[in-house]
Number of protein chains: 2
Amino acid sequence: QFATLRQELLREVTDLKLPKLVEEYMAKMIDYNVPGGKLTRGVTVVKFLEALRQSQGKTVSEEDLAQAQLLGWCVELLQAFFLVADDVMDDSITRRGHPCWFRVDGIGLKAVNDASILYTCIFLILRKHFRKHPSYLSLIELFNEVCFKTQMGQLMDLESLPDGKLDLDRFTNELYHSIVVFKTAFYSFYLPVALAMHLAGYTDQAALKDASSVCEQIGEYFQIQDDYLDCYGDEATIGKIGTDIEDAKCGWLVVTALQHVSPAQRQVLQVSYGKKDAVHVAAVKQVYNELDLTAKFHAFEEESFSRITGSISKVSTMPQTPLTWLLGKIYKRDK
Amino acid sequence: QFATLRQELLREVTDLKLPKLVEEYMAKMIDYNVPGGKLTRGVTVVKFLEALRQSQGKTVSEEDLAQAQLLGWCVELLQAFFLVADDVMDDSITRRGHPCWFRVDGIGLKAVNDASILYTCIFLILRKHFRKHPSYLSLIELFNEVCFKTQMGQLMDLESLPDGKLDLDRFTNELYHSIVVFKTAFYSFYLPVALAMHLAGYTDQAALKDASSVCEQIGEYFQIQDDYLDCYGDEATIGKIGTDIEDAKCGWLVVTALQHVSPAQRQVLQVSYGKKDAVHVAAVKQVYNELDLTAKFHAFEEESFSRITGSISKVSTMPQTPLTWLLGKIYKRDK
Ligand SMILES: [Mg+2]
Ligand SMILES: [Mg+2]
Ligand SMILES: [Mg+2]
Ligand SMILES: [Mg+2]
Ligand SMILES: [Mg+2]
Ligand SMILES: [Mg+2]
């Protein structure tokens, strides 16, 4: 399936009659950045459509499956766009176990153009395969809407980072909530869900709004787990070594800690948060442990689960079971 | 008119109920990057629509004017997206007489996210003002198509630059032609023309294809003038100091020179092209003078004018006079 998508994108280049070097570059760039992730977002389109069809007493047709897979790859293209650009902005070292694309020999800041090419590719695919689909325009608008929201999330994330000097006052619950919902929830949860809904015929605004509201909550819960696991997860299980403390990230742990610290503990965070060496990192973790953030996280986890379950139970514009399945997929995950 | 557009974009942010810092950042980012250029591309939408309406025996209505101005600003947003990203990739110093956006204090590589935000803003404006327009979908597709072509041009431009070592073999006519048409002609000429055509009701594929073909030629001619003026133009008139030789650009002068050089002259170019110091730059200019590139340029200019005039005279799918006006606007320009 990826092979087809890849061929079609390269075909778009061939059709423009450009020098051979362009097609070669595009092939290399797509192969390096689009497959190779966990593909959870792309797979969610297919799985959510299956759940929706089941609620309708139907099974997924071959056409359904093919379209859901294509849209799943479009979500992966969007993700690739965000990741390539994010790694440039964060000056990151590795991604998915390989050097970041901009660190590959001969690439450098060409990655900035490549990132936006990956975004434009989404609309080439939509045009090729969905031009006659009744939701074609809605699909385009959906990608643009989700892209804008994610860019706003990225903007807030970048603005929350200390510019030279650490400013703990910026780490408010309000900013944290906004970053998480905008930077992660919309493209990771709402987008795959809304795409599947368009394929299954749930296209009215009320249904999409209900889905968006539930997905915001699921996405927030997911990111809070991510932040928790960054510090307390098992490295072998999650497959990476957390560096949120070193990177001075506006994460759930530090934001929650700041709501409960004594003046002395706050002083420790002020001195040690965002420093690279092990002594400072240990000092921050010590404060987290003193405040028993693990207990607070588990309490939050239970509270989230019942709150989201409650929200889902009130949905009447679309079937509830697919949303329940989505929540169940991440509840109490350890990786 | 810009004030309205600016307000509407900030309104999109307010509607998302984001922290105040986002709106402030967006205002600053838009004000720095969107107005302040020569606005020729944006103005072309309005002027071309006027010329089309005149050919129809009509005048431009107020609604016409308002829509053309809005689409003109969308072209300027697209341009801002390209320029902000291009300056990052080229590590440039100034733009429009000010430091490049990424060099502004506190911005840095956040400019990568900002560039793509400017692109997404186009679709927010289209959605707000053209949702009911019969060409709404075509306008979206047009921006996506032109964006993709420009990105391909940028890709070729970046690939033509020597990666450490100068490779004159890359400076072929074919690559030069592709870079120029894709990187400049589509968004600078075809896009404003096609937007005006949509407003005037010239929406069939044959008309757009004819316009595209003429605009490709006009855009190529325009860029060749730009390359010529970079070396031979009057600095006071063109308002900047050319650095194409120093930057090892794949420009019309070097490409043309390479087609006429003796082995000894080629050796001079091999040694001196792309070097920053005045002695090497003078050596390159000396070769250009020996080959009398000025005469070759003027001959090319005459040949282009009559070739493009010939192409325009064969167009039957839309009025010819607006295209003739567009060509006349740049013929023998000295700035
Ligand atoms: Mg990052
Ligand atoms: Mg980041
Ligand atoms: Mg994380
Ligand atoms: Mg540049
Ligand atoms: Mg450049
Ligand atoms: Mg130039």
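**Chains A and B in a predicted model**

Biologist: How many residues of chain A are in contact with chain B?

Modeller: In this predicted model, contact is taken as heavy atoms within 4.5 Å. On that basis chain B contributes 46 residues, and the number of chain A residues they are in contact with is 46.

Biologist: Which three residues of chain B supply more than any other three of the area that chain B buries against chain A?

Modeller: Between chain B and chain A about 4,300 Å² is buried, and carbon and sulfur atoms give 75% of that area. Of the part that chain B buries against chain A, 13% is supplied by three residues, more than by any other three, and these are B:Asn113, B:Glu141 and B:Phe148.

Biologist: What is the radius of gyration of chain A, and what does the globule rule give for 335 residues?

Modeller: Chain A holds 14 helices and two strands. Its C-alpha trace spans about 65 × 55 × 30 Å along the principal axes. The chain is as compact as a globular protein of its length, because the globule rule gives 20 Å for 335 residues and the radius of gyration is close to that, at 21 Å.

Biologist: What percentage of the residues in chain A is buried?

Modeller: A residue is called buried when its relative accessible area is under 20%. Applied to the 335 residues of chain A, this cut-off gives a buried share of 56%.

Biologist: How many Å apart are the mean positions of the positive and negative charges of chain A?

Modeller: Chain A carries 36 positive and 44 negative charges. When the mean position of each set is taken, the two lie apart by 4 Å.

Conventions
Residues numbered from 1 in each chain as written. Chains lettered and ligands numbered in written order. Predicted model: local features only at pLDDT ≥ 70, side-chain atom pairs only at ≥ 80, totals over all residues. Heavy atoms only, no water. Helix = DSSP H or I, 4+ residues; strand = E, 2+ residues; numbered from the N terminus. Rg over C-alpha atoms; globule rule 2.2 N^0.38 Å. Buried < 20%, exposed > 50% of the residue type's maximum accessible area, 1.4 Å probe, protein only. Lys, Arg positive; Asp, Glu negative; His and termini not counted. Charge placed at Lys NZ, Arg CZ, Asp CG, Glu CD. Buried area = accessible area lost by both parts, 1.4 Å probe.
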